Amino acid sequence: MDKKYYILTFGCQANERDSETLAGILQKTGYVPAAELFDADIILFNTCCIREKAENKVLSQVGELKELKAEKPDLIIGICGCMVQQEKMAEKIHRRAPHVDLIFGTHNLDQLPELIKKLEETKTPQTQILADLQEIKEDLPTVREVPFKARVNITYGCNNFCTYCIVPYVRGREKSREPQYILKEIKDLVADGVVEVMLLGQNVNSYGKTFDPPVTFAHLLEQVNAIEGLKRIRYLTSHPRDFNVDLIKTISGLAKVCPHFHLPLQSGSNKILQKMNRGYTREHYRELVETVREYVPSASITTDIIVGFPGETDEDFQDTIELVKELRFDSAFTFIYSARTGTLAAKMKDQIPLAVKKSRLQQLMQVQNEISLAINSQLEGQVVEVLVDGCSKKDQAILEGRTATNKTVLFAGSKELIGKFVDVEITDPQTWVLKGKLK
Ligand code: SAH
Ligand code: SF4
Ligand code: F3S
């Protein structure tokens with residue numbers, strides 16, 4: 001009987017993409033997917049450590065597997081991903097969870113078969129963690145869950161060192177992938193039935209700077225846009241410092257690039273932006289938003305905001321609230337600042353008490369939710385084009401999909417529409433979703 005695998009993925013799109021590679025590697029090694037965790041012969045936790053909460057969740061879930069491992073001694077439990085790249089984390093995991101068999105880093109995915117083999121031969125836990133990626137590994141096998149949408153890496157790592165952020169420490173230095181590999185991957189995907197790609201990088205706007213001669217992100221987009229059969233292009237994430245008018249103009253002329261701009265603001269206070277090492281001011285950010293709206297009037301604009309960064313006063317927080325009210329984002333991911341060991345901000349004075357952070361988060365969410373609802377309400381009665389992703393988790397008779405502007409639309413329809421583009425009339429716009437009916 002075939003051995004079965006089960007992968008739990010935490011964190012961002014970079015991890016989601018890595019889990020597709022892990023699945024590909026395991027299938028190539030002879031494993032098949034397990035329907036449930038308890039059926040699996042190997043369970044992998046692909047972890048995130050962006051905030052403390054993410055990390056605690058993993059440790060507690062791994063802890064819960066102790067009994068299963070006692071019942072099934074041949075079960076392999078592995079932990080990989082960003083969390084294990086942190087200093088002394090492997091030791092900590094071994095101490096807290098001695099039933100873990102494999103620990104491997106974000107640059108060691110391809111070594112999984114070898115680690116499994118060594119584990120089986122020696123019956124001793126295996127650890128393999130490279131501090132940084134030496135060379136981008138092309139052609140690793142991949143298994144995607146959705147046949148019509150795909151994530152495509154364009155850069156790995158990050159050089160920005162925003163003072164709150166752990167990513168540069170756990171994902172290493174920024175490296176761009178050669179355009180020919182990216183374009184070939186997308187052409188193959190399209191031949192395989194993919195209609196939408198998401199280009200991935202921690203800061204996509206700095207793509208290609210190190211090539212000789214340099215390739216710009218705008219140029220890459222133009223080439224991807226020219227691929228026949230591809231319908232939608234998305235990208236994540238744009239850093240406001242490296243985002244510019246030329247790129248906005250290019251995007252406005254490329255029909256397949258979705259009119260959705262995710263531009264993480266982080267804070268509306270210039271003092272805090274500087275302490276975060278973000279490299280832009282609120283004025284620069286405002287100008288970018290105005291330029292986007294000038295060139296792409298149909299665009300949705302979304303953002304990320306952190307509250308309670310060290311030294312954030314009530315006035316600084318009000319600067320954020322004011323800017324949010326002025327710029328009117330379609331939606332925002334809002335986070336409570338979480339101190340990450342090893343980052344500069346974790347050592348800063350004036351850490352903000354949790355109660356204050358929580359209250360600021362509530363205020364910000366309330367302001368943003370009102371704006372989101374007001375913006376979405378304008379869509380009532382309009383017909384939007386939706387790529388159908390699947391059935392709603394709550395109700396199998398309801399389909400769920402996304403507009404080009406990345407808004408979630410719910411409507412009644414049959415499963416045959418999954419993977420297709422359909423027109424939906426919006427009848428009941430809400431804060432987080434648009435409800436509608438098929439046209
Ligand atoms: N590279 C992307 C973001 C990656 S992390 C970018 O620069 O936009 C996604 C979001 O998590 C960030 O935009 C930030 O808002 C949030 N985040 C990162 N580190 C955090 C921390 N220590 N505490 C709280 N939120 C954090
Ligand atoms: Fe983190 Fe900043 Fe890099 Fe984004 S750009 S991953 S927030 S260091
Ligand atoms: Fe988390 Fe790593 Fe992404 S820390 S947010 S999974 S790059």
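**Exercise 1.** How do the residues of the shell around ligand 1 divide into nonpolar, polar and charged?

*Solution.* The model is predicted, with local features needing pLDDT of at least 70 and side-chain atom pairs pLDDT 80 or more, while totals for chains, interfaces and linings use all residues; side-chain values use heavy atoms, without hydrogens and water. Residues are numbered from 1 along each chain as its sequence is written, and chains are lettered from A and ligands numbered from 1 in the order written. Step one: 15 residues surround ligand 1, each with a heavy atom within 4 Å of the ligand. Step two: seven are nonpolar, four polar and four charged, where Ala, Val, Leu, Ile, Met, Phe, Trp, Tyr, Cys and Pro count as nonpolar, Asp, Glu, Lys and Arg as charged, and the others, Gly among them, as polar.

**Exercise 2.** Identify polar contacts of ligand 1 (pairs of N or O atoms within 3.5 Å).

*Solution.* Start with nitrogen atoms of the ligand: one is 2.8 Å from a side-chain N or O atom of Gln202, and one lies 3.0 Å from a backbone N or O atom of Tyr164. Then take oxygen: an oxygen atom of ligand 1 is 3.2 Å from a side-chain N or O atom of Arg51.

**Exercise 3.** Find the edges of the sheet ordered β2-β1-β3-β4-β5-β6.

*Solution.* The strands are DSSP E runs of at least two residues, numbered from the N terminus, and two strands pair if DSSP finds at least two bridges between them. Six strands form this open sheet, with parallel pairing. β2 (32-33) and β6 (126-128) each have a single partner strand, so they stand at the edges with one side lacking a neighbour in the sheet. For β6, three bridges join it to β5 (residues 102-104), and Ile103 stands opposite Thr127.

Definitions and conventions
A polar contact is a pair of N or O atoms within 3.5 Å; within protein, one must be able to donate a hydrogen and the other to accept it, and residues adjacent in sequence count only if both atoms are side-chain atoms. Helices (H or I, at least four residues) and strands (E, at least two) are DSSP runs, numbered from the N terminus.
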